[in-house]
Amino acid sequence: MPAVEVKNLVKKYGSQDAVKGISFSINEGEIFGLIGPNGAGKTTTLRVLSTLLSINGGSVSILGHDLSKHAGEIRKLISYLPEDAGAYKNLSGRAYLQFIANFFDSKEVQGMVKKGIEITNLGTRIDDRVDTYSKGMMRRLLVGRALMTNPKLAILDEPTSGLDVINAQEIRKLVKTTAQSGTTVLLSSHNMLEVEYLCDRIALISDGKIVEEGKPKTLMEKYKARNIEEVFIRTVHE
Amino acid sequence: MSGLGNITKKEIRELLTPATFVPIILVALIFATMGNSIQGIQEQSTAPPTIGVITEDNSTLGIAASTLLHTSAKTVYNSTSASDLKTGIEAVTEHNGVAVIVIPKNFTERIIKGQQGTLQIYWIMKGAGLLDTISSSAVESLIAYINTNISKELITQNSSVNASFVLSPTKRIETTYFKDREFVGISPNTISGMLSSQSLLIPIVMMMIIIMAGSIVITSMALEKENKTLETLLTLPVKRTSIVSGKIIAAAFIGLILAVIYMVGMQFYFSGFQMTGGVNLASYGLALTSGDFIWIGVSLFLALIAGLSLCMLLGTFAKNYKSAQTLTFPITMLAMIPMFITMFADYETLPIAVKIFTFAIPFSHPMMAPRALLFHDYTLVIGGIVYIAVFALVTISIVVWVFKTDRLLTGTTKFKWLKPLIRRRH
């Protein structure tokens with residue numbers, strides 16, 4: 001059974017079609033990348049899968065649960081990292097992780113917080129207020145928050161957005177390790193190198209439709225491209 | 001275009017938004033309406049009061065006083081026997097009048113003997129609001145006028161009379177009828193003043209809690225959106241009702257603390273103005289029992305929950321801190337309007353449209369409850385409690401529904417009129 005199964009998903013904002021009947025599936029433990037230009041429908045798709053938005057057509061099944069009927073159950077199993085997420089500024093990093101962990105099984109709270117602190121790698125700064133953090137520190141805190149809960153499915157929207165090379169590389173390693181431990185990862189990214197490095201499979205989305213899907217290597221061979229960036233340009237812009 | 005002109009044009013375009021003007025236009029409309037109402041009341045106060053006169057004394061001063069009353073007031077009942085008092089009160093009540101004034105047999109005789117002549121005044125009190133006592137003030141002016149005229153007469157007749165007596169040749173024995181009760185020796189102005197001073201605290205507390213806690217809730221929702229924490233919160237395994245209730249409970253708690261701090265200051269402020277020698281209303285049976293305080297507490301608590309759920313609903317429309325500031329305006333107005341209404345008027349005497357409007361505002365009920373309970377008007381209090389409980393439940397249900405829809409994140413609303421207010425200069 002696939003971890004995620006999306007069939008003919010349609011999402012509209014008023015009269016505007018944001019997602020126009022896309023279908024894809026993600027296997028358990030797989031890192032799946034959703035790639036496309038700005039406004040293609042990536043974030044909308046991720047928001048739908050994160051139970052934030054309702055659907056106007058089609059069906060979505062996550063870890064065996066129908067999204068339209070069992071959103072509450074799905075929230076226990078997933079973790080979502082929005083692209084421009086923030087944290088509560090008046091809390092310390094540790095207090096923020098504690099606040100999030102408290103929503104989960106009380107027996108696992110301390111373990112989650114410990115894991116979150118390790119992932120963030122913020123050292124003593126974990127006890128400082130969040131509003132004193134740099135952008136990189138904030139992103140690391142949020143990645144820590146997203147992965148500490150041991151989700152079955154991690155939905156990461158631009159996980160390395162706005163990070164410097166070193167921080168970005170650390171987070172990529174983290175995502176890879178997380179997937180190796182059994183978590184299914186669905187991510188979106190503008191960084192084609194990142195996609196190539198991380199993803200087992202990718203889907204290229206443009207104007208609300210999936211225009212290509214497959215393993216990065218297979219797609220590069222198919223389009224006789226040297227990298228995913230060239231595949232992206234050929235499928236989306238040509 | 002010059003740099004100055006270019007910047008000025010851009011600034012004006014940014015400031016010329018409905019969000020800037022709608023609140024000010026609403027305030028202007030409210031003040032205009034209040035002004036019209038006050039003008040109407042002023043016109044009413046300049047009109048001669050409607051009274052009944054029973055003149056038992058047919059001697060000079062009695063007849064003079066009676067004539068003065070007839071010429072300066074609209075007399076709807078006239079008699080020469082105090083035994084007709086009951087009929088007189090009924091007639092004046094029927095004509096929406098203010099009082100029946102009895103000039104007893106010995107009125108002239110006592111004054112001539114150097115003793116104060118007694119005027120018996122039977123007040124028919126309609127409402128306990130400050131504006132309700134305008135008519136009785138007009139009658140009090142008439143009595144003062146009678147007093148002055150008799151003083152002049154006495155001085156003209158005998159210049160060697162006792163000064164303190166001649167300045168106050170009459171005295172009043174008053175009885176007030178209000179809400180099927182008889183208050184012997186007390187005037188409507190005194191009752192109204194005492195009731196107002198006793199029930200002033202709750203409207204102010206209510207208003208402050210609502211404004212403070214309401215602003216907390218709306219700003220909290222706006223900050224969740226502005227700081228981009230809402231999306232994370234909504235994907236966590238927590239029920240929407242828990243998120244809504246948690247925010248309301250926290251705001252109510254903080255609002256109560258702020259209100260207590262505020263009230264400590266207000267208590268000192270009011271103690272500086274406390275009247276001495278006031279009438280003890282408890283001796284007239286006008287005292288709140290412990291049961292009444294429970295009713296007030298329930299009403300206050302439910303109104304707070306209703307108010308905060310309304311703020312929560314408004315907060316779902318707030319996109320950032322700026323728009324949250326705009327959205328606190330309707331709540332502030334909703335808290336202030338009933339405060340002024342209950343301060344100046346009695347719910348019973350309000351025009352039907354204003355009555356419905358006042359009843360519809362949940363914050364009105366705890367403000368009206370103390371006065372209603374003093375007069376055992378449980379229908380208004382319990383009816384109000386049921387109404388605000390239903391109001392709170394419906395509003396919380398709507399908020400939870402909004403939390404379950406895309407509207408919270410996408411900001412889409414079917415209410416087109418609300419859109420310009422929400423889209424405030426992001």
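A residue is taken as buried when its relative accessible area is under 20%. Arg47(A) has a relative accessibility of 14%, so Arg47(A) counts as buried. The model in which this holds is a predicted one. Arg47(A) serves here as the entry point to the interface between the two chains.

Arg47(A) forms a salt bridge with Glu231(B). The closest N and O atoms of this pair are 2.2 Å apart. The pair crosses between chains. Arg47(A) sits in helix 1 of chain A, residues 42–49, and Glu231(B) sits in helix 10 of chain B. Glu231(B) has a relative accessibility of 13% and therefore also falls in the buried class. Side chains of opposite charge can pair when their charged atoms come close.

The salt bridge of Arg47(A) and Glu231(B) belongs to a wider contact. Chain A contributes 24 residues to the contact, and chain B contributes 16 residues. About 1,900 Å² is buried between chain B and chain A. Carbon and sulfur atoms give 58% of that area. Three salt bridges are found across the interface. Nine residue pairs are in polar contact across the interface, with both residues of each pair at pLDDT 80 or more. On the side of chain B that touches chain A, two elements give two or more residues: helix 10 (230–234) and helix 17 (407–410). Helix 10 of chain B supplies the largest share, four residues. By residue class, this side of chain B divides into six nonpolar, five polar and five charged residues.

A further cross-chain pair involves Asp406(B). The side chains of Asp406(B) and Lys11(A) are joined by a polar contact of 2.2 Å. Asp406(B) lies in the loop between helix 16 and helix 17 of chain B. The relative accessibility of Asp406(B) is 12%, so this residue counts as buried.

Helix 16 of chain B precedes that loop. Helix 16 spans residues 378–404 and has 27 residues. From its first C-alpha to its last, helix 16 reaches 39 Å. This is close to the 39 Å expected at 1.5 Å a residue. Several residues of helix 16 are buried. Among them are Leu380(B), Val381(B), Gly384(B), Ile385(B) and Ile388(B). Ala392(B) and Thr395(B) are also buried. Towards the later residue numbers, the buried set includes Val399(B), Val400(B), Val402(B) and Phe403(B).

Over all chains, the structure holds 19 salt bridges. One of the pairs lies within chain A. Arg201(A) and Glu30(A) meet through their side chains in a salt bridge, at 2.6 Å from N to O. Arg201(A) lies in strand 9 of chain A, residues 201–206. Glu30(A) lies in the loop between strand 2 (16–26) and strand 3 (31–35) of chain A. The pair therefore ties together parts that are 171 residues apart in sequence. Arg201(A) and Glu30(A) are both buried. For Arg201(A), the relative accessibility is 15%, which is why Arg201(A) counts as buried.

Arg201(A) has a second salt-bridge partner, Glu213(A). Here the closest N and O atoms are 3.0 Å apart. This pair links strand 9 of chain A, which holds Arg201(A), with strand 10 (residues 209–214), which holds Glu213(A). The two residues are 12 residues apart, and the parts they link are described as distant in the chain. Glu213(A) has a relative accessibility of 31%, so Glu213(A) counts as partly exposed. Glu30(A), Arg201(A) and Glu213(A) are linked in a network of salt bridges.

Backbone geometry marks two residues of chain B. Most residues other than glycine have a negative phi. Asn96(B) is not a glycine, yet its phi is positive, at about 60°. Asn96(B) is found in the loop between helix 4 (85–94) and strand 3 (99–103) of chain B. With a relative accessible area of 52%, Asn96(B) is exposed. Asp180(B) is likewise a residue other than glycine with a positive phi, near 65°. Asp180(B) is placed in the loop between strand 5 (170–178) and strand 6 (181–184) of chain B. At 84% relative accessibility, Asp180(B) also counts as exposed.

Definitions and conventions. Residues numbered from 1 in each chain as written. Chains lettered and ligands numbered in written order. Predicted model: local features only at pLDDT ≥ 70, side-chain atom pairs only at ≥ 80, totals over all residues. Heavy atoms only, no water. Contact = heavy atoms within 4.5 Å. Buried area = accessible area lost by both parts, 1.4 Å probe. Salt bridge = Lys/Arg side-chain N within 4 Å of Asp/Glu carboxyl O. Polar contact = N/O pair within 3.5 Å; in protein donor to acceptor, adjacent residues only side chain to side chain. Nonpolar A, V, L, I, M, F, W, Y, C, P; charged D, E, K, R; others polar. Expected span 1.5 Å × (residues − 1). Buried < 20%, exposed > 50% of the residue type's maximum accessible area, 1.4 Å probe, protein only.
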